[in-house]
Structure formats: structure tokens, C-alpha cells
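Let's take a walk through a protein fold together, one piece at a time. Keep the 3D view open and turn it as you read.

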Amino acid sequence: MTPWLTVVGIGEEGFKGLGKNARHALLNATRIIGGQRQLDLLPACICGVRQLWPSPFALEPVLAKQGEPVCVLASGDPMFFGVGASLSRHLSSDEMLILPAPSSCSLAAARMGWPLQEVVTLSVVARPVAALNAQLSSGVRLLVLSNDGRSPAAIAALLRERGFGPSRITVLEHLGGEAERRVDGIANDWTDPVIADLNLIAIECIAEPDTLRLSRLAGLPDSAFKHDGQLTKRDVRAITLARLAPTPGELLWDVGAGSGSIGIEWMRAHPGCRALAIEADAGRQALIEYNRDALGVPSLQLVRGSAPQALTGLERPDAIFIGGGVTREGVLDTCWAELKPGGRLIANAVTLQSEMTLMAWREQHGGELTRIHIAQAQPLGDFDTWRQALPITLLDVTKPFDA
């Protein structure tokens, strides 16, 4: 198949910086679709109809012209947080020809002298800046695609709030063009200078000495979460997440989510992991919303309601965790019915009644039961003794593919 669509990455240098194939595609296109800034970079000799993206943004103007010689203009590399990546979800690779220019992150790494493979790249374009929280750790270097000229100030404020005020910030405007400019500063001292909307932020993360260290591995300290006591404690949480086994692209249902700790740590395991936190209590819903932002997974979806009723119509999960409510009628049956074949169901029980429910469930569906005993050394007068936490019974069952 001959590609009918050409996606051209264009930099600040404009048409003169394009290669022969990109120029040829633009000269022969009957229609060129892009943002105003990209379209303004084209010379008068480009005769195709110029069309702006609609607001709100949609791909329909391109998809509706299928079969015609159409060009789409994008900034830098269209497959790096760009429109090329969006189009690839709707069109086959045979229909598109992608002609990238250097991405802004490639240019920024060159300006900063940072090996690109050692840098974390992310975007806050139409995304919450809270997503940066998952990446913050001393020594980490970040390249962040800005939403607009206000992004650097918002990110500096976030760094100060999270204990990373000493971090070095470099804002790079109009990379690769005649108007390129660099603004350097420290998050603690950021004075909110006027910044162009087209900018990228380079951050060298440096934590305050007393900042809590947060690993990406399961088992964050309990103090990392705001909670009302309804929290799967650290050691049990680490064991539970090991059994859930987060895998990129998979969806978790966290049923009876409490403070959201299981769903949050599931999503922190990999950027592709997704989670739904199902919670009925309004106070705990607010805690989930706070915790998901503070710990860098603002895309965790909160489902307000009680299981099993709140589970109706949700996307089928790859894994389910039931931290509370296993004795409620229909919860286990509904979760099992909606779980994808090959999926994992993990349920924790503290009371005798919930433990008996899990034991009866195991008789029907199989799986493993594990008893978890955790004790911590605590003071007893002038000495220390072991204080036993309530034992946890954990059910771990995988749904057969023929179920």
C-alpha cells in the first residue's frame, strides 16, 4: 500500500530545515493540516489547502480525507508525545509515512550535555503536573515538555512542596530556532520570569536532607499516605502487590480501596499500569484523590460507590484486589465473573467471618491461602518486646482460561 498520509516533523528553522522527502510531500499535498505555528512556517510555494486542527483537538479532519495525499505538520518528532503517536492508533503503518525532525528532548539533551538514554522524559501538555511526583528522586534528571509559559513556575512550586527545592531548573525556549533562549534557576529561588509558551524544562532533582525517599518498588512507608486507619500496611502491601504482579498495560480493580494505597503502588510500578479505585466512603475518596496526586499517579480513576453495584459497566480487569467487603453479598461472585481469563484475584481478610468466606471460596475455585503474621519491636518499660499485628489471611487465585 502506498501511504496517503505523510506526517512531517518541523522544527523552529521551518521549511529550510526539512529534508528532500518532507519538502516533496508538502509540495504535492492537496491538504496540509497542523497548528497555526507550524502552518506559518511554510512558504508561499506550498499550494495545498492549509487547515487548522479543530478546537477541541480531534483527528477527524485527517481520517475523513483517507486516500487523498494529505500532510500533517507536527513539532519535532511526531512519534514522541505527538500527533503521529495518536494517528498510529487509528491507521496502519502502511498508510502513513513519518518524517521526523529532531525532538525537543534530543535538542535539550544536546544543550545540557546529558546522555538522553539516562534521562527521564515526560510531558505535562494537557496533563497534570502531579505526574512528576512519581519521578522525583535525588540525582534523577528530567526533561519535561511544557504545556505553556506557566508550566515552569507550577513545576518549581511542586518541587518546593515535595521537598526538592534545591533542584536545578533550566528552561529552554524555541529550541533550534533564532529565538532560542535559556533561563537557569533553583526551584527554591524561582522568580517566575516571563517564559515563552514553547518551552521545555530540564530538571536536575536534588532533595532536601529530610525528604522522605520513595522507591518505585512495592511497600512505601505508611507515612507516605494520608489515611484514617483504613490502610493496607506496608509489609502486607508489599506481599499483596507481589502476588498481584503488576505488568505494563494491565488494569487493576482495587475494591474497597480505603486510602488507595494498593492501586497507587500498582500504577507506580510502571507508567503503563492502570487502576480503578472503588470506594464508597466520601472521606476516603478525598484521601484517594490526595494520595494519587502526591504520589504521582493522577490518572488513577476513582469510582464512587459500593461493590458489587459500583462494578457494573466497568472495563474488565486483569487483576483484582479486595481489601474489604469480601463478606458482602455478590462482591466475590461479581469480581470473579468480571475478571479476565488468566487474571489474578487477591483478597485479604482480618475477621473470622471474612476468613471463613475466603476458605469457602477456595473450596469452589481453588487458589492458595496464606497466613501473614507481622510483629514489630516496641518499648516495654526499659526494654523492647514484640507487638503482634492482627494476622492477615490472603487468598491468591488465578482464573482459568476456560472459566
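We'll visit two sheets, then the helices that go with them, and finish with the cysteines. One thing to keep in mind from the start: this is a predicted model.

Start with the sheet built from five strands, which sit side by side in the order S6-S7-S10-S8-S9. A bit of background helps here: strands of a sheet pair through backbone hydrogen bonds, either parallel or antiparallel. In this sheet the pairing is mixed, and the sheet is open. At its edges you'll find strand S6 (120–123) and strand S9 (181–186), and each has a single partner strand, so one side of each has no neighbour in the sheet. Going from one strand to the next, the twist averages 20 degrees.

Now zoom in on strand S10, residues 199–204. What do its pairings with S7 and S8 look like? With strand S7 (residues 141–145), S10 pairs in the antiparallel sense over five bridges. As a landmark, find leucine 143, which stands opposite alanine 202 in S10. Strand S8 (residues 168–173) also runs antiparallel to S10, and six bridges join the two. Here the landmark is isoleucine 169, standing opposite isoleucine 203 in S10. Five of the six residues of S10 are buried, so this strand is largely enclosed by the rest of the structure.

Which helices go with this sheet? Helix H5 (residues 104–112) packs on the sheet and touches S6, S7, S8, S9 and S10. The direction of H5 makes about 140 degrees with that of S7. Helix H6 (residues 151–161) lies across S7, S8 and S10, and runs at about 20 degrees to S10.

Next, move along to the other sheet. Seven strands form this one, in the order S13-S12-S11-S14-S15-S19-S16, and again the sheet is open with mixed pairing. Strand S13 (301–304) and strand S16 (368–372) stand at the edges with a single partner strand each, so one side of each is left without a neighbour in the sheet. Neighbouring strands here are turned against each other by 15 degrees on average, direction ignored. Within the sheet, strand S15 (residues 344–349) and strand S19 (residues 392–398) run antiparallel and are joined by six bridges. To spot the pair, look for alanine 347, which stands opposite leucine 395 in S19.

Two helices to find on this sheet are H8 and H11. Helix H8 (residues 261–268) touches strand S11 (251–255), strand S12 (274–279), strand S14 (319–322) and S15, and its direction makes about 165 degrees with that of S11. Helix H11 (residues 352–365) touches S15, S16 and S19, at about 25 degrees to the direction of S19.

H11 is a nice helix to practise on. At 1.5 Å a residue, its 14 residues should span 20 Å, and the end C-alpha atoms are indeed 20 Å apart, which agrees. Which residues of H11 are buried? They are Ser354, Glu355, Leu358 and Trp361. Look down the axis of H11 and these buried residues fall within an arc of 120 degrees, so they line one face of the helix. They pack against helix H10 (331–338), S15, S16 and S19. Turn to the face pointing away from the buried side, and you meet the exposed residues Leu352, Gln353, Met356, Glu363 and Gln364. After H11 comes glycine 366, whose phi is positive, near 80 degrees.

H10 can be read in a similar spirit. Its buried residues include Val331, Leu332, Cys335 and Trp336. Seen down the axis of H10, the buried residues fall within an arc of 125 degrees, so they too line one face of their helix. They pack against S11, S14, S15, H11 and S19.

Last stop: the cysteines. How many disulfides does the structure hold? The count is zero. Take cysteine 45: the closest cysteine sulfur, in cysteine 47, is 7.2 Å from its own sulfur, too far for a bond. Cysteine 45 is partly exposed, with a relative accessible area of 45%. For cysteine 205, the closest cysteine sulfur is in cysteine 105, 14 Å away, and that is too far for a bond as well. Cysteine 205 is buried, with a relative accessible area of 2%.

Methods:
Residues numbered from 1 in each chain as written. Predicted model: local features only at pLDDT ≥ 70, side-chain atom pairs only at ≥ 80, totals over all residues. Heavy atoms only, no water. Pairing = 2+ DSSP bridges. Helix = DSSP H or I, 4+ residues; strand = E, 2+ residues; numbered from the N terminus. Axes fitted to C-alpha atoms, helices over the stretch in contact; angles between N-to-C directions. Contact = heavy atoms within 4.5 Å. Expected span 1.5 Å × (residues − 1). Buried < 20%, exposed > 50% of the residue type's maximum accessible area, 1.4 Å probe, protein only. Arc of directions from axis to C-beta. Disulfide = S-S within 2.5 Å.
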